[in-house]
Amino acid sequence: MAHKNDKFAFVAGSALLDIVSTITDFRHIEDSIGTTSLNFGGVAYNVAVNLRKLDVPTTLCTAMNTSPLSQMIQNELTRQHVRMHFKIDKKLPDAIYNGMFYEGKEKASVWVNTVEKAVSYTHLRAHETGRNL
């Protein structure tokens with residue numbers, strides 16, 4: 001039973017894969033040399049994970065599909081001990097941010113926000129994973 005002074009957080013928003021490419025040798029926009037990094041991200045994801053690092057029991061509410069990429073995001077949230085409350089819809093696209101940077105500035109990006117594409121949160125299906133926090 002929760003006590004009056006217990007802290008907890010409910011965070012709603014996106015959880016996605018960040019693909020960040022940095023051009024180190026610009027030739028042409030379609031043929032440049034550089035580096036690429038992959039990280040989990042999204043504002044809500046980052047807030048939820050950082051709250052857990054502060055020992056605040058946290059639930060993330062988001063929307064995603066059933067792809068292997070979505071499963072990777074769910075696995076990482078479980079590893080970080082974040083509870084999940086998801087709208088699961090096979091028709092949603094993968095949640096990805098893909099940014100291209102040159103000389104420290106974003107030159108191009110594509111962002112697929114599954115939360116915006118999800119029609120309604122009224123039929124959210126809870127996915128409790130990990131330990132009871």
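A nonpolar core is a set of buried Ala, Val, Leu, Ile, Met, Phe, Trp, Tyr and Cys residues joined through side-chain atoms within 4.5 Å. Keep that in mind for the first exercise, and remember that the model you're looking at is predicted.

**Exercise 1. Find the largest nonpolar core and work out which elements supply it.**

Step 1: get the size. The largest nonpolar core has 18 residues.

Step 2: pick out the residues with the most contacts inside this core. They are Val11, Ala15, Leu60, Ile73, Leu77 and Val82.

Step 3: go through the contributing elements. At least two residues each come from strand S1 (9-12), strand S2 (16-28), helix H1 (43-53), strand S4 (58-64), H2 and strand S5 (83-88). The largest share belongs to H1, with four residues.

Step 4: zoom in on Ala15. Leaving aside residues up to four places away in sequence, Ala15 touches Gly41, Tyr45, Leu60, Thr62, Met64, Ile73 and Ala95.

**Exercise 2. Take strand S4: which way do its residues point, and what does the strand pair with?**

Step 1: sort the residues by direction. Thr58, Leu60, Thr62 and Met64 point one way from S4, while Thr59, Cys61 and Ala63 point the other way.

Step 2: check burial. Seven of the seven residues in S4 are buried, so the strand is mostly covered, given that buried means under 20% relative accessible area.

Step 3: look at the link to S1. S1 and S4 run parallel and are joined by four bridges; in this pairing, Ala9 has Thr58 as its bridge partner.

Step 4: now do S5. S4 and S5 pair over six bridges, again in the parallel sense, and Cys61 sits opposite His85 in S5.

**Exercise 3. Lay out the four-stranded open sheet and identify its edges.**

Step 1: write down the order. The four strands of the open sheet go S3-S2-S6-S7, with mixed pairing.

Step 2: find the edges. Strand S3 (31-41) and strand S7 (105-112) each have a single partner strand, so one side of each has no neighbour in the sheet.

Step 3: add the twist. Ignoring direction, neighbouring strands of this sheet are turned by 15° against each other on average.

Step 4: inspect one pairing. S2 and S3 are antiparallel and pair over 10 bridges, with Ser21 opposite Thr36 in S3.

**Exercise 4. Locate the salt bridge and say whether each partner is buried or exposed.**

Step 1: count. With a side-chain nitrogen of Lys or Arg required within 4 Å of a carboxyl oxygen of Asp or Glu, the structure yields one salt bridge.

Step 2: name the partners. The side chains of Arg79 and Glu76 meet at 2.8 Å, N to O.

Step 3: place them. Both Arg79 and Glu76 lie in helix H2 (residues 68-79), three residues apart, which is about one turn of the helix.

Step 4: compare the surroundings. Arg79 counts as exposed because its relative accessibility is 55%, whereas Glu76 counts as buried because its value is 13%.

**Exercise 5. Classify the aromatic pair by its geometry.**

Step 1: find the pair. The structure holds one aromatic pair, made by Phe40 and Tyr45.

Step 2: read off the geometry. The rings are 6.2 Å apart, centre to centre, with 40° between the planes.

Step 3: apply the cut-offs. Under 30 degrees would count as stacked and over 60 as edge-to-face, so this pair is tilted.

Step 4: check accessibility. Phe40 is partly exposed, with a relative accessible area of 24%, while Tyr45 is buried, at 6%.

Key: Residues are numbered from 1 along each chain as its sequence is written. This is a predicted model: local features need pLDDT of at least 70, side-chain atom pairs count only at pLDDT 80 or more; totals for chains, interfaces and linings use all residues. Side-chain values use heavy atoms; hydrogens and water are left out. Buried means under 20% relative accessible area, exposed over 50%, partly exposed in between (1.4 Å probe, protein chains only). Contact means heavy atoms within 4.5 Å. Rings of Phe, Tyr and Trp (its six-membered ring) pair if their centres lie within 6.5 Å; planes under 30 degrees apart count as stacked, over 60 as edge-to-face and the rest as tilted. Two strands pair if DSSP finds at least two bridges between them. Axes are lines fitted to C-alpha atoms, for helices over the stretch in contact, and angles run from 0 to 180 degrees between N-to-C directions.
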